[in-house]
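Here is a short set of exercises to work through with the model open beside you. Try each task before you read its solution.

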Amino acid sequence: AARAVIGRCQARRRRGRCVLGWRVAAAITWSVLLLPICTAAFIILSGLDPFHPVRWISNSFNDLYTSYVIFCIFLMSMVIIIISIFNIEFYAVVPSIPCSRLALIGKIIHPQQVIHSFVHAIMGMLVTWCATVMTKGRFQFLAVSCTPSEGLEDAVPQMCLNEYHLFFLLSGAFLGYSYSLFYLINNMNYLPFPIIQQYKYLRFRRSLPLLIKHSCVESLHFVRNFCVTYYFFGYIPKVWICTTMDLHTDGKLHPLDTLSGLLDLSLFYHTWLSGVFLLMTWYIAWLLFKIYATESHHFPIQPTFAQETDQCLPKILNSNPPLLIKFLALQDLMLLSQYSPVRRQEVFSLSQPGGHPHNWTAISRECLSLLSDLTQRLIAQQEAAAAANGRAKPPVGESSPINMSFQSQRSNIVLRASMSPLVKPSLMPVKTSPGSDVGSPFSSPALNYKMGVVDIKSPWHGPVQSPHVMRRGPKLWTSVSDQQMNGSHHESFPVLSAARTGTEAVQPRFIYTWLQNKQEQIKTFLSKRALIMYFFSKHPEASIQAVFSDAQMHIWALEGLSHLVAASFTEDQFGVVQTTLPAILNTLLTLQEVVDRHFKLPHVSSKPPRISGSLVDTSYKTLRFALRASLKTALYRITTVFGEHLNAVQVSTEHKKRLQQFLEYKE
Amino acid sequence: MFPHLSGLTLPCAPSRAGCTVRAFAWHPHTNKFAVALLDDSIRVYNSNSATVPSLKHRLQRNVAAMAWKPLCASILAVACQSCVLVWHLDPTSLSTRPSSGCAQVLSCPGHSPVTSLAWAPSGERLLSASPVDTAMLVWDVSTETCVQLQWFGGGGVTYLAWSPDGSKVLAATPSAVFRVWEAQMWTCERWPTIRGRCQTGCWSPDGSRLLFTVLGESVIYSLSFSEYRGEMQGQVGGSKTASIVADLSETTFETLYGEERIGGEVHSMVWDPTGERLAVIIRGHPESPNSQPAVAVFRTRNSPVFELLPCGFVRGERGARPQLISFHPCFPQGALLTVCWSSGKISHIPFFFVGALEPHASPRRSPVPVPAWHPRASPPSGAPHTCTGAGCAAPAPIKGGFSLPLLSSP
């Protein structure tokens, strides 16, 4: 995706500004420029000699200008550039959250990730090689002449393996691999957008202490793990190197894969220090890329020249750009709606010949389609959760009538939501929705789900749904499989299903049913095995996070839309916003209902988990809380500004009631 | 209270001796206010319901400030000793004792005691500050994440005021310097004062003018800012120097009760949301027995030129000193000033006038005037003890000094 962005950028550079290319270039340049500083700090700390401070300092400064240090800096710049390229290739604005352990393992052994890990291991080895060269002393060379043994003065000097050097190189590879693994597990490729706008330098300065602390702690953990690994498996690479390079082992020196060999404080210190150096340079590259990529970008509303049309905010929102560009566009929309009266005026303006509010129409349409897309997704997820609840009970037929009626009530609600004015923007009262009468306590819950699913599917692909909306987030594993599962439940009630599916062709239906039954049997069989359950079981929290993984877009859409609507009360001269106000209110209120219901589901915590102030950003875990808050604020912003005038807006009676509560500040 | 800050009296928590109300906050949209009492419990009074929820939490100690979230039904942020508590109250609930599970705890190591709070008028961010922490925190309350706004020099922050248009924030420090932050890119302008630290400040409704006072001087300064238009990213746009707009040095007044001396340093200052009335608590000289702290009210106009005319004084019962003042954020007929007295009484003083200009802030709702309540008594039974209605409304201003009849309690 990133390559596409850059490619697109390069294609656009002919026309005008490029959004990402320059940012990436600047980020790489800065991380390379910061490298000599890190190197100097490393050299000074590695020659640490507290008993002779003057000699220590002067030696360190003399070392800085030597040719091999300069060569190392050059080599490590290459490493930084390669690491940055990987950062750019792997970044995501929507994190992919593995819902089960199996999915996580699948991600780890994915070829892309294997390449990532492999290259990082090599790079780690290169960096530690540079570190050994700069540290000098006993770590510098792989092959050293053996200590001459007494008594044999005439013996030919032999070359022996310097195990310290090997230890260093292997630790580098281990660190590189661990970095890559943690990069994946902690979703460090996720680009979180800051909650306030700040200048890049200030953001960098703010994160620097955290970065240093994180590198030190992480390096300590990695080196500890490496020591353990080396203790058990260290002899393998040692013997291999010795045989391939025809080196001898020095009998005089302690082998390092023993307890006493590893208890070498100086070795540990230097390994740790080179680990800190490696992690810091890499994290700086990563941090700078993050800061540069998430910096807000100023998109013009109206093109100054005809050629710039495709760089305008309405155009970008409605086209299908790379996700990062879309995010930046929405962020810009949020900022302009909040801070810039001049640009708001452009949004509310009419096109010169014709007098159409093209800008406003395009922006509001895209925001609304984003929000209704989220509504649909949440409904589907609630379906799945309700279905999963049903499955937790004894499966076929045995469920108690109370439970069944409860479920059917729930699915009834879901049905209602799916038929709400969002799908049909007419003012049809919700009560007439055709599915709602199925919810008698005697019908199977599965039947209702089935209905619900059908209802959901249709608008999902229908005209309401914008075809441009990208759903790059992880597939909701839950919803798909559980719906199928429900289908099979449903088929186990032949009478009921016959009544419902009478019009369908019998033969393919039967094969399908049989297949589904088999699938279900296999699944039940497998789910009884504990080990498989361990890998397959979905973490409920993770699946919820997955649903809301791109909620940042929706938050900005909400903020942008509500600020624009609020500003239109005084600034909109032509009344362009009024025409879309009912649709906006409908969408927001429907979403509000669905979000409210989401937070009432079981397994859904109503409070955000505590976020430790670490370098690794986990803000995607709390996006749903931010969404809930900004949705409410957005509604209040509109109701506070419009006040009693909202009574004149045409919305359904149910929504009118809800609006009244907002007007009375009782939500 | 804070030994390391000896000599500092916090603006929101004045001399605690003889103080019964620690903090007071009007809800920005409805007739509802919260009062923090000396025992650190918080009562929420609502004109539409008889239930008075009492908020208690084990972390709710040394409450120094409270603020209701704008554009929200009932979320109250409380500055406590060790953290910021954010209470999520259900506006329809009849419970008088919300559980501590309704409170979110926002804490950050090194950020205590929290003494000032400010919500962004758009309701999205919360600022918290402590006089000992050099960093000011910007919170995203829903996700409990914060961003530190750090600077060097000047110590912590003793007073925060977010301008009503949301564009700027005043942050006063314990040293002789205060800062004005611009709330989009979060850069700041540094303002050194000559004599002492900035004691209090308030913004005009459109955020173009800041009035502030300095400890040790009995004058009100005004600082104007260029009008905020989103293009000037990262610039605060303050004028070169602040100008003196009012001299409040001690003057003798002939009153019904004899001669009284009023004047001195300004202790706190609030500007009503329409920008037509300014109320200040003038601290009298502690040495002279005649000199009493008083609430002075001014008539103000911000455009086309700034004007500040004396309007009158508000006095409570004999011996009662005003401690906290606050204007109702959406009083439809004019302005409603609320004063918390050292006797533990809270009085509401309405000012009826027709605004010269439409307010720049968000259009207001139309709540009903509120009678005065005693924080200890339940609203209906507690007899109003101060003036209500037009009898107390400030008459037309008399120009040329403090020659107004004193408003006194009946």
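The exercises below go from the interface between the chains to single residues.

This is a predicted model, in which local features need pLDDT of at least 70 and side-chain atom pairs count only at pLDDT 80 or more, while totals for chains, interfaces and linings use all residues. Residues are numbered from 1 along each chain as its sequence is written, chains are lettered from A in the order in which they are written, and side-chain values use heavy atoms, with hydrogens and water left out.

**Exercise 1. Describe the interface of chain B and chain A.**

Step 1: start with the contacts (heavy atoms within 4.5 Å). Chain A takes part with 35 residues and chain B with 41.

Step 2: turn to the buried area, the accessible area (1.4 Å probe) that two parts lose on being put together, summed over both. The two chains bury about 3500 Å² between them, and carbon and sulfur atoms give 58% of this area.

Step 3: look for polar pairs. The rule finds eight residue pairs in polar contact across the interface, both residues at pLDDT 80 or more. A polar contact is a pair of N or O atoms within 3.5 Å; within protein, one must be able to donate a hydrogen and the other to accept it, and residues adjacent in sequence count only if both atoms are side-chain atoms.

Step 4: see which elements of chain B take part. Strands S8 (103-106), S11 (136-140) and S12 (145-149) each give two or more residues to the side that touches chain A, and S12(B) has the largest share, with four residues. Strands (E, at least two residues) and helices (H or I, at least four) are DSSP runs, numbered from the N terminus.

**Exercise 2. Which side chains form the salt bridge between chain B and chain A?**

Step 1: apply the rule, a side-chain nitrogen of Lys or Arg within 4 Å of a carboxyl oxygen of Asp or Glu. It finds 23 salt bridges over all chains, and one across this interface.

Step 2: name the partners. Glu124(B) meets Arg637(A) at 2.9 Å, N to O.

Step 3: place them. Glu124(B) sits in the loop between S9 (116-119) and S10 (126-129) of chain B and Arg637(A) in helix H25 (623-642) of chain A, so the pair joins two chains.

**Exercise 3. Find the unusual backbone values.**

Step 1: recall the background. Most residues other than glycine have a negative phi, and most peptide bonds are trans.

Step 2: check chain B. The peptide bond from Ser112(B) to Pro113(B) is cis, with omega near -5 degrees, and Pro113(B) belongs to the loop between S8 and S9 of chain B.

Step 3: check chain A. Tyr665(A), not a glycine, has a positive phi of about 55 degrees; this residue is in the segment after helix H26 (653-663) of chain A.
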